[in-house]
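Trainee: I am new to this structure. Please take one part of it and walk me through it closely.

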Amino acid sequence: MSAPLNLVNLERVHKAHGTTVLLDDVSLGIAAGERIGVVGRNGSGKSTLLGVLTGREEPDSGRVTRRGDLAVGVLDQSGTLPPGATVRDVVLPESLFAAEHEWAADPAVRSVLTGLELDRLGLDSPVAPMSGGERRRVALAAQLVRPLDLLVLDEPTNHLDVEGVAWLAGYVRDRVGALVVVTHDRWFLDEVCSQTWEVADGRVHAYEGGYAAYTLARAERARIAAVTEERRLNLVRKELAWLRRGPPARTSKPRFRIEAAQALIEDEPPPRDSMALKGFASRRLGKTVYDVEDVDYAVPGDPVTGTPPRTLLDDLTWHVGPGDRIGVVGVNGAGKTTLLRLLVGETEPDRGRVVRGRTVAPAYLSQHVTELPGRLRLLEAVQEIKRVARVGDQEISASSLAERFGFPASRQWTPVGDLSGGERRRLQLLRLLMAEPNVLLLDEPTNDLDIDTLTALEDLLDGFPGTVLVVSHDRYFIDRVCDSVVALMGDGSLAALPGGVEEYLQRRAAGEAALPSAAAAAPAPAAPVARPAGEVRAARKEAARLERRLEKLTAEEERLHGELAAAATDHARVLELDERLRAVLAEKEQVETDWLEAAEVAEG
């Protein structure tokens, strides 16, 4: 048999775990150079799909074919590394680099070691005593330095700070070879991926583009199929409205695709009324929430290992007011979690004081899930806090809120001890919200949450009439939920960032010692290019022609979708219509690209 044209092909694959069908009659392929993001609810089958693609799991039926000389690298979530190995053994083995000068002269390898901070860990450090995050970075580096045809990554951004995620996005975007990545990091999906696969109900739905294009396409699919799940559609519409108001670069085809969404979102109000929420929060909280005054805090040294003490906060003064929604970013180990613990009183400063408002009722989401009652069932664990809670202007029962967070009625009687890591994280959030706090302190709230759960959480936070503090490496979540951003720069100081996460990355790139202002850090805008009047007129005519062609192709696409739905039981007819649809989509893709180029000249 000849080798498949794609690197990997799945043909009518079926896979089940027990009675749960995860992949049902799935056919797809991965071509050389493609960058594919995989999304879906926790437990939908994303990791199973990766296992079948890479040969780690065999399908129950169907066929998987791979190119004979295919070199595949896999980063799974286990974090398993060889016992007794050092960082050098794992990342730079002799089988790959016979001599040190081979990798030392390779800028790509040096970039990996620096970008993942392995040079700080030390190449001769043993991996056994390392933390889970450090081991994860070592395992990731071991895959990135190898020459691979296909790189498969399962949640690669876990345990990376904002800076590390930005570096990883740039590295995998520029590398040669195909990429398949499972991640809930929506900014990363948009930066890296040219396709998005959604795993749901045993099927894999393929979309062109990153997260923004996927969100629009999912809404279009729901409309064409006459889906009536009003709650989910409302969330998608709100997400589209957010994307419409944000930077146009969030999607690979910004102008045309976002303009196509206008019919869905033209009546959608802003995600939240910040002024009204601040007023409500002031009535609930008064003038004082947290006042940090002249605070010092240091981590003591370890005389056994010779580790010196390290200053996390140095003469810090900071005010958090009613209704503030603040994102906190910083390098790993800068003291972000320590700052939250100081605010809630779990630890005390070495010098200075933290003043807490008398009416403050905080809810602190830590990075650990050990405080859940394992003896109870899921719904009982939520009702233990309260049976009905007011979130914003809504009264929500424990059962309804659990359903919004991805726990259907059939799952709500599962013992807490039997829940997965992602489910336990969702339950932790549920219990916090049921307590009706007026201040939320969230430490890496996006860990282990799928994208649908994140949008549900963001929807609830949109109406939260209190103060919100978020520590997160998820840039999209911070942009979506927070009105301002501050950063712990690693030198004990806290910097306000009017330019958000992007300003933080610019400051870090400029060096920790000298922190330029946002104006100095921002690149100067490029001078507009003057174009001949004749060229502009011709481009306008071409853009108008392409717009008319796009309208016809869009109508043809909708018609074919309708015929496909009507011919669902006629296999031969479905194949014929599918081929025609693929041709229409390919032409539409090219016309959109040509339209963007013509429109850019026409606007000149």
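Mentor: Start with a term: two residues are in contact when heavy atoms lie within 4.5 Å. Bear in mind that this is a predicted model.

Now look at Val329. Set aside its neighbours within four places in sequence. Val329 then still touches Val162, Lys336 and Ser472. Its other contacts are Ile478, Val485, Val486, Ala487, Leu488, Leu497, Val501 and Tyr504.

Next, place Val329 in its setting. The largest nonpolar core has 75 residues. Val329 is among those with the most contacts inside this core. So listed with Val329 are Leu313, Trp318, Leu343, Phe405 and Tyr504. Note Tyr504: it is named in this group, and Val329 is in contact with Tyr504. Which helix gives the most to this core? Helix H17, residues 421-434, does, with 6 residues.

A second core of 56 residues is separate. Val39, Val91, Leu121 and Ala169 are included there.

For contrast, turn to the sheet. Three strands form an open sheet, in the order S2-S1-S4, with antiparallel pairing. The edges are S2 (20-30) and S4 (61-66), each pairing on one side only. Neighbouring strands are turned by 25° against each other on average, direction ignored. Strand S1, residues 8-17, is joined to S4 by 5 bridges. Across that pair, Glu11 stands opposite Arg63 in S4. Helix H1, residues 46-54, packs on the sheet and touches S1, S2 and S4. The direction of H1 makes about 130° with that of S1.

Methods. Residues numbered from 1 in each chain as written. Predicted model: local features only at pLDDT ≥ 70, side-chain atom pairs only at ≥ 80, totals over all residues. Heavy atoms only, no water. Pairing = 2+ DSSP bridges. Helix = DSSP H or I, 4+ residues; strand = E, 2+ residues; numbered from the N terminus. Axes fitted to C-alpha atoms, helices over the stretch in contact; angles between N-to-C directions. Core = buried A, V, L, I, M, F, W, Y, C linked by side-chain atoms within 4.5 Å. Buried < 20%, exposed > 50% of the residue type's maximum accessible area, 1.4 Å probe, protein only.
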